[in-house]
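I opened the model to go through its metal and ligand sites, and then some backbone details. These are my notes, in the order in which I looked things up.

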Amino acid sequence: MEELRIEANGNLGPIDSSRIPRYAGAATYARLPRLDQVAKADVTVVGVPFDSGVSYRPGARFGANHIREASRLLRPYNPAWDVSPFENVQVADAGDMAVNPFNINEAIETVQQNALDLTATGSKLVTLGGDHTIALPLLRAAAERAGEPIAMLHFDAHLDTWDTYFGAEYTHGTPFRRAVEEGILDTEAISHIGTRGPLYGKKDLDDDHRFGFGIVTSADVYYQGVLETVAKVRDRIGSRPLYISVDIDVLDPAHAPGTGTPEAGGITSRELLEIIRGFRGMNLVGADVVEVAPAYDHAEITGVAASHVAYELVTLMADKAVPGDRFGAATGYAAQALGQDIRRPAGFAAAGKE
Ligand SMILES: N=C(N)NCCCC(=O)O
Ligand SMILES: [Zn+2]
Ligand SMILES: [Zn+2]
């Protein structure tokens with residue numbers, strides 16, 4: 001028995017948790033309608049059960065459904081933005097892409113084609129992975145839809161700009177090198193955030209720099225804080241069409257144990273959510289949350305984090321803020337309660353205006 005909320009403007013919202021307990025029934029992301037239940041979606045959430053590109057622990061093929069299960073507690077109003085994303089726009093869950101686990105090249109083609117199909121009538125796509133291999137076909141589709149190379153922010157412990165593993169070009173450690181080679185990224189506007197951990201050699205960084213990537217390390221986020229991180233990134237990207245790829249291992253293993261290549265010293269889920277809130281007004285055209293491997297998760301820690309990250313990405317897509325009108329999460333609860341914005345240091349507001 002499904003009871004989907006009719007939102008104020010006629011959009012079909014999540015199943016009403018005051019009538020059907022939120023733990024009942026099959027899971028869609030945030031208990032939203034399936035794509036086949038709506039006439040047209042403005043934002044489509046889709047799963048990619050694929051992990052044949054991993055270099056260490058497998059299991060991200062189960063990530064999308066784990067995120068869906070962990071998303072049952074999400075509520076329809078996002079107070080950090082003063083936005084009801086599912087009311088503002090029609091959001092729907094398209095289910096999972098059917099990707100070949102035994103043929104990576106074919107899987108990549110399938111993801112690219114499905115992403116193009118799902119965005120054919122103008123919907124934006126939020127993809128739940130799957131391992132990071134799938135970012136390449138998703139970026140190809142997003143760049144094709146944008147009609148130009150796109151800006152990208154890549155949250156990850158890893159660079160994922162390595163060349164090959166065991167001679168293989170298409171793996172979860174190589175998607176962004178391939179994307180630069182293919183000319184689908186605007187190399188004036190690409191950055192990693194949260195990078196840390198040992199590398200194979202200094203050449204990894206030299207190559208990465210040569211491709212045009214900026215790096216905000218996990219330590220940078222700690223020393224500079226969320227606001228400066230956001231300001232730097234906004235400066236670099238401006239109003240370009242932007243794709244955000246979130247490898248959940250960007251979070252410290254304490255905040256995301258359920259992942260295949262964990263690295264100590266990561267950012268917190270609070271920092272990640274706040275950084276994304278700081279992107280308010282930016283032109284987000286597509287996003288993914290990848291590398292959730294439920295077999296290593298405990299108490300849904302990773303699933304809950306990933307479901308909330310996706311919620312902030314959906315909110316950014318659904319937000320109708322005028323660019324430059326508000327900077328960052330200026331409407332957070334604390335600010336509202338106090339009638340002031342306590343988050344911005346003096347002088348920051350002016351500097352942050354676009
Ligand atoms: N994309 C993720 N999560 N990890 C890439 C790690 C590649 C390596 O084993 O060196
Ligand atoms: Zn990673
Ligand atoms: Zn990655």
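**Entry 1: the record.** Before using the annotation I noted that UniProt positions are given in the numbering used here, that feature names are shortened, and that annotations may be inferred rather than shown by experiment. I also kept in mind that this is a predicted model. With that said, I found that UniProt, in an unreviewed entry, places the feature "binding site" at H132, D156, H158, D160, D247 and D249. I then asked where these positions lie in space, and they gather at one spot, because no two of their C-alpha atoms are more than 12.1 Å apart although they span 118 residues in sequence.

**Entry 2: the zinc ions.** Which residues coordinate the zinc ion (ligand 3)? I found H132 through ND1, and D156, D160 and D247 each through OD, at 2.0 to 2.2 Å. Reading along the chain, I wrote down the spacing of these donors as H-x23-D-x3-D-x86-D. I next looked up how the zinc ion (ligand 3) stands to the zinc ion (ligand 2), and the two are 3.2 Å apart, with D156 coordinating both.

I then checked some of these donors for burial, taking under 20% relative accessible area as the cut-off. D156 counts as buried because its relative accessibility is 0%, and H132 is likewise buried, with a relative accessible area of 0%. D160 is buried as well, at 3%. For H132 I also noted the place in the fold, which is the loop between β5 (124–128) and α4 (135–146).

**Entry 3: ligand 1.** I listed the residues around ligand 1 and found S55, H132, H158, D160, W162, Y165, H172, Y200, D247, D249, T261 and E291. Sorted by class, this shell has three nonpolar, five polar and four charged residues. Two names in the list, H132 and D160, I had already met as donors of the zinc ion (ligand 3).

Where do polar side-chain atoms approach a nitrogen atom of ligand 1? I noted D247, with a polar side-chain atom 2.8 Å from a nitrogen atom of the ligand, and D249, for which the corresponding distance is 2.9 Å. For H158, a polar side-chain atom lies 3.4 Å from a nitrogen atom of ligand 1. I then looked up the cover of the ligand, and of the 310 Å² that ligand 1 exposes when taken alone, the protein buries 91%.

**Entry 4: the backbone.** In the loop between β5 and α4, where I had placed H132, I also found G130. The peptide bond that leads from G129 to G130 is cis, with omega near 5°.

I then looked at two residues other than glycine with a positive phi. A30 has phi near 55° and lies in the loop between β2 (12–15) and β3. D82 also has phi near 55°, and I found D82 in the loop between α1 (63–70) and α2 (85–88). Are these residues buried or exposed? A30 is buried, since its relative accessible area is 2%, whereas D82 counts as partly exposed because its relative accessibility is 43%.

**Entry 5: a contact in β3.** I looked up T44, which sits in strand β3 (residues 43–47) and is buried, with a relative accessible area of 1%. The side chain of T44 makes a polar contact with the side chain of S123, at 2.7 Å.

**Entry 6: pairs apart in sequence.** T315 lies in helix α9 (residues 301–318) and counts as buried, at 0% relative accessibility. Its partner in my notes is V83, and the C-alpha atoms of T315 and V83 are separated by 7.3 Å although the residues are 232 apart along the chain.

The other pair I took down is D16 and R75, which are 59 residues apart in sequence and 9.7 Å apart in space, C-alpha to C-alpha. D16 is in the loop between β2 and β3, where I had also noted A30. With a relative accessibility of 18%, D16 counts as buried, because the cut-off is under 20%.

How values were computed:
Residues numbered from 1 in each chain as written. Chains lettered and ligands numbered in written order. Predicted model: local features only at pLDDT ≥ 70, side-chain atom pairs only at ≥ 80, totals over all residues. Heavy atoms only, no water. Near = heavy atom within 4 Å. Polar contact = N/O pair within 3.5 Å; in protein donor to acceptor, adjacent residues only side chain to side chain. Areas by Shrake-Rupley, 256 points an atom, 1.4 Å probe, with all protein chains shown as cover. Nonpolar A, V, L, I, M, F, W, Y, C, P; charged D, E, K, R; others polar. Donors = N, O, S within 2.8 Å, 3.2 Å for Na, K, Ca; no water. Buried < 20%, exposed > 50% of the residue type's maximum accessible area, 1.4 Å probe, protein only. Helix = DSSP H or I, 4+ residues; strand = E, 2+ residues; numbered from the N terminus.
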